[in-house]
Amino acid sequence: MTTDPLVVFTPSGKRGNFPVGTPILTAARQLGVDLDSVCGGRGICSKCQITPSYGEFPKHGVTATEGALSDWNAVEQRYEDKRGLKAGRRLGCQATVLGDIVIDVPPESQVHRQVVRKAAAARAITMDPATRLYFVEVEEPDMHSPTGDLERLERALKDQWDIPAITADLSLMSKLQPALRKGKWQVTVAVHKSHSGATASITEIWPGLHEGGLYGLAIDLGSTTIAAHLTDLETGEVTASSGLMNPQIRFGEDLMSRVSYAMMNPGGDKEMTRAVREAIDDLTKGIAEEGNIDPNLIVETVFVCNPVMHHLLLGLDPVELGQAPFALATSQSMSLDARDLDLTTMNDRAQVYILPCIAGHVGADAAAVALSEEPGKSKDLVLIVDVGTNAEILLGDTSRVLACSSPTGPAFEGAQISSGQRAAPGAIERIEIDPATKEPRFRVIGSDIWSNEDGFDAVIATTGITGICGSGIIEAVAELRIAGLLDSSGLLGSAAQTGTERMVPEGRTHSYLIHDATAVGGPRITVTQGDIRAIQLAKSALYAGARLLMDEMKVDKVDRVVLAGAFGAHISTKHAMVLGMIPDAPLENVSSAGNAAGTGARIALCNVAARVEIERVVGEITKVETAIEPKFQEHFVAANAIPHKTDPFPELSKIVSLPDLTFNTGGESDSTSGGRRRRRRG
Ligand code: FES
C-alpha cells in the first residue's frame with residue numbers, strides 16, 4: 001500500500017496518491033481535474049488558483065493538517081504583492097504536496113467552467129471555445145542549428161501544450177519576430193483549433209504574458225435588427241450587448257423584397273452585402289467601445305441568420321431563395337476568416353463560424369434555436385416558436401424534430417400598426433380592458449405603474465406615451481376580444497353595439513380609443529380595424545405553420561409551447577393564446593425563452609463541441625416547406641378567427657371565457673374569410 005499523500009479535489013471528487021513534492025497543478029493534470037493554466041506552471045498567469053482545506057473530512061476519509069502543503073513561496077508572494085490573492089488561496093503550480101489534503105478548485109480556475117444562464121430551465125454553457133491563449137517559452141535561435149522562429153514556436157507549442165501542428169499566415173508572421181524578442185522568448189499566442197480537425201492556427205501573438213483577455217462576438221443577424229453579444233472567451237461572461245437596425249431595410253422591409261431588389265437591380269445583391277458588412281463593422285467598433293476593450297481582442301465571431309441574410313452576408317446572390325425549390329448555395333456550416341467577409345474592425349485573423357441552415361426557408365437562426373432549446377432531447381412534445389418578421393417553428397421530442405418557417409410579417413413587432421412602434425420607452429407594452437366598463441388601463445416601457453395608478457403621470461413625464469409596441473398590440477387585441485368589443489371574426493363593434501364611447505367610427509369601421517392626448521399636442525392612440533387585420537394575418541401565418549408541423553407529426557395537441565425571439569420574451573402567454581397565435585396547451589406549460597437564436601449563437605461561440613452537435617442535429621431535422629404545402633392555406637384561413645374557427649381551445653376556456661358575439665356593421669369592407677391575401681415572405 002502506498003504511503004504517498006492522498007490528494008482529494010473538490011468539487012470533482014477526483015482523488016489520487018502523489019509523491020511528496022508533486023505540485024498540485026501536476027496532480028490535477030494527472031487526475032484529469034479541470035484546473036486552468038495559461039503559463040504552463042511558471043507562476044505568472046495566476047489561472048491555477050486553488051483553495052486548500054484543512055481539518056477532518058470523514059466523507060473523503062482524509063485528515064488534512066497544517067503543513068500538508070509546501071510553504072507559501074516567493075512566486076506566490078510576488079503575485080500577492082502585485083495583484084493580491086484572495087484569502088486562503090494558493091497557486092496550484094507552486095504549492096506542492098507534503099501530506100493528505102483536500103483541494104477545492106474554485107469556478108474561476110476551471111477551464112471548462114459552466115456559465116449559468118438566467119432562465120432556470122435553460123441549459124448551462126460549458127466553456128470550451130475554439131480559440132484559447134497559450135503562454136510559451138521559445139528556444140532562442142542558434143547559428144549552429146538554424147531554424148525559423150515559427151518552427152521553434154511550433155515546437156514549443158508541441159512540447160509545452162501538446163498542440164501537434166500550427167499554421168500562421170503572413171500577417172501574423174510579421175508580428176512574430178518583434179514579439180519574440182520583446183518578450184525575451186516568452187510569448188502568449190491565441191490559437192484557434194477548428195472543430196473539423198483542421199490544423200490549428202495562430203490568430204494573435206503578444207510578447208510575454210498577455211493578460212488583456214480574449215473576446216468573441218455572437219451575432220444574431222436578423223432582417224430588421226442586428227444584435228451582438230461581446231463575450232469573454234475565458235469566462236463566458238457577456239461584457240456588452242448592442243444592436244442596430246439592419247441597413248438593408250432601405251432596399252426592402254422584408255426578405256422577399258430584398259430578393260426582388262437583387263433580381264431587378266444588377267449588382268443589387270453586392271450593394272446589400274456591402275451595407276450589412278459595414279454595419280457589422282460599425283457594430284463591432286461600438287460594442288468594443290462599450291465593453292472597453294481593444295477590437296483587436298475579438299478573435300471569434302459566430303453568426304446566426306435566416307437563409308436570405310446568410311446569402312447576403314456571404315456575398316451570395318439570394319435570387320434562388322425567392323422561388324421554388326428555394327435552393328441554398330450551401331446549407332452547411334461555414335468556417336471562414338473574418339477578412340473573407342471584409343470585416344476589418346475585429347482582429348485581422350479573427351475566425352468566423354456560421355451555423356448550418358436547415359432548408360431554403362429555415363435558416364441558421366432556427367438551427368440556433370434548436371441548439372439552445374434542444375427539442376430533440378425533450379421527453380414531451382414541445383412546440384418552439386421564434387417570433388420575428390419570419391417565424392421559425394420547431395416541433396419535436398426525442399423521437400423526431402420538425403421545422404418550418406412562416407411569413408408572419410412585421411406586425412408583431414409593432415410595424416404596420418397605426419399607432420405601432422418599436423419597443424422603446426414610452427411605448428404601451430401592457431394593457432387591460434375592464435370587461436364591465438370597457439375602460440383601458442396600461443403600462444408603458446420605462447414605468448412599473450399602471451395608467452390608472454397614482455404617480456403614473458410623474459413617472460412618464462420624460463418619456464410620454466408614444467405608441468404601442470408588439471407585445472402591447474397583442475394584449476390590446478386579445479383584451480378587446482375578452483371584453484366583448486371584438487367578435488371572433490375579428491370585427492370591432494360600434495359604440496351602440498358595445499355600449500362604450502371608446503369605440504369611435506372611422507370610415508365604415510370602428511376603432512378603440514386607448515389614449516388621446518391631442519388636446520395637449522400629444523398622440524391619439526387607437527386600435528383600428530386595419531390593425532386587427534394585420535395582427536390576424538400575422539397570427540394566422542404563425543398558427544398555420546405550427547398546425548402544419550402538427551399534421552406532419554400526426555397530433556392534435558402539444559404538451560408544451562415555448563415562445564422565443566427577442567420580443568417573444570415579452571409576450572403575455574395568456575394573450576397569445578386568446579389571440580390564437582399558438583395552439584391550445586395548459587397555460588403553465590407555455591413559457592418564454594428570450595432570444596433563443598442569440599443564445600444558440602453564444603453556445604456555439606463558447607463551446608466548440610456544440611458546433612459538432614448542431615451540425616449533426618440539423619441533419620436529423622425534418623423540414624416542412626410551408627410555401628408549397630396546400631394545407632397551409634387551409635390552416636391559414638381557419639386560423640383567421642380569434643382564437644380559431646374550428647380548433648377547440650379547452651385549456652384556454654378553463655382560464656378565460658370569450659364572449660360569443662357577432663358584430664355586423666354592414667359596411668365593413670375588409671373580408672374576414674377565405675381567400676385572404678397572403679403576406680409575402682419577409
Ligand atoms: S499555472 Fe500560471 S500561475 Fe500557476
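Contact here means heavy atoms within 4.5 Å. With that in mind, take helix H6, residues 268-291: this helix lies across strands E14 (215-221), E15 (225-232), E16 and E17, and runs at about 145° to E16. Everything below concerns a predicted model.

**The whole protein**

Let's step back for a moment. The protein has 17 helices and 31 strands, and its C-alpha trace spans about 95 × 65 × 55 Å along the principal axes. Of the 682 residues, 57% are buried. If you look at contacts between residues at least 6 apart in sequence, 67% of them join residues at least 24 apart.

**The sheet under H6**

The strands that H6 lies across belong to an open sheet of six strands, ordered E16-E15-E14-E17-E19-E18, and the pairing is mixed. E16 (238-245) and E18 (334-337) are the edge strands, each pairing on one side only. From one strand to the next, the twist averages 20°. Inside this sheet, E17 and E19 are joined in the parallel sense over four bridges. One residue pair to look for is Phe303 and its bridge partner in E19, Ile354.

**A four-stranded sheet with helices on it**

Another open sheet is built from four strands in the order E10-E12-E13-E11, again with mixed pairing. Strand E10 (131-137) and strand E11 (166-167) each have a single partner strand, so one side of each is left without a neighbour in the sheet. E11 runs parallel to strand E13 (residues 200-207), and two bridges join them. In that pairing, Ile166 has Ala200 of E13 as its bridge partner.

Two helices pack on this sheet. H3 (residues 149-161) touches E10, E11, strand E12 (186-192) and E13, and its direction makes about 105° with that of E10. H4 (residues 170-182) touches E12 and E13, making about 40° with the direction of E13.

Strand E12 also holds His192. Is His192 buried or exposed? Its relative accessibility is 8%, so His192 counts as buried. Its side chain makes a polar contact with the side chain of Thr131 at 3.3 Å, and another with the side chain of Glu300 at 2.7 Å. Leaving out residues up to four places away in sequence, His192 touches Ala130, Thr131, Ala200, Ser201, Thr203, Glu300 and Gln351.

**Strands E1, E3 and E7**

Now for some pairings around strand E7 (residues 101-104). Strand E1 (residues 6-10) runs parallel to E7, with four bridges between them, while strand E3 (residues 49-53) pairs with E7 in the antiparallel sense over three bridges.

Here are some bridge partners from the pairings described in this report:

| Residue | Bridge partner | Strand of the partner |
|---|---|---|
| Val8 | Val102 | E7 |
| Thr51 | Asp104 | E7 |
| Ile166 | Ala200 | E13 |
| Phe303 | Ile354 | E19 |

Val105 sits in the loop between E7 and strand E8 (114-115). With a relative accessibility of 3%, Val105 counts as buried, because buried means under 20%. Not counting residues up to four places away in sequence, Val105 touches Phe9, Thr10, Pro11, Val33, Asp34, Leu35, Ile50 and Gln110. For a sense of scale, the C-alpha atoms of Val105 and Asp434 are separated by 57 Å, and the two residues are 329 apart along the chain.

**Helices H14 and H15**

Finally, have a look at a helix pair. H14 (residues 596-606) and H15 (residues 608-620) pack at an angle of about 120°, with their axes 5 Å apart. That angle makes H14 oblique to H15. Which residues make the contact? From H14 come Ile603, Ala604, Leu605 and Cys606, and from H15 come Val608, Ala610 and Arg611. Sorted by class, the contact has six nonpolar residues, no polar ones and one charged residue.

The N-terminal end of H15 is capped by Asn607, with a side-chain oxygen 3.0 Å from the backbone nitrogen of Ala609. The buried residues of H15 are Val608, Ala610, Arg611, Glu613, Ile614 and Val618. These buried residues pack against H14, helix H8 (364-373) and three strands: E17 (298-305), E19 (351-354) and E31 (622-623). E17 and E19 bring us back to the six-stranded sheet, where both have a place in the strand order.

Conventions:
Residues numbered from 1 in each chain as written. Predicted model: local features only at pLDDT ≥ 70, side-chain atom pairs only at ≥ 80, totals over all residues. Heavy atoms only, no water. Pairing = 2+ DSSP bridges. Axes fitted to C-alpha atoms, helices over the stretch in contact; angles between N-to-C directions. Parallel < 35°, antiparallel > 145°, perpendicular 65-115°, else oblique. Nonpolar A, V, L, I, M, F, W, Y, C, P; charged D, E, K, R; others polar. Buried < 20%, exposed > 50% of the residue type's maximum accessible area, 1.4 Å probe, protein only. Polar contact = N/O pair within 3.5 Å; in protein donor to acceptor, adjacent residues only side chain to side chain.
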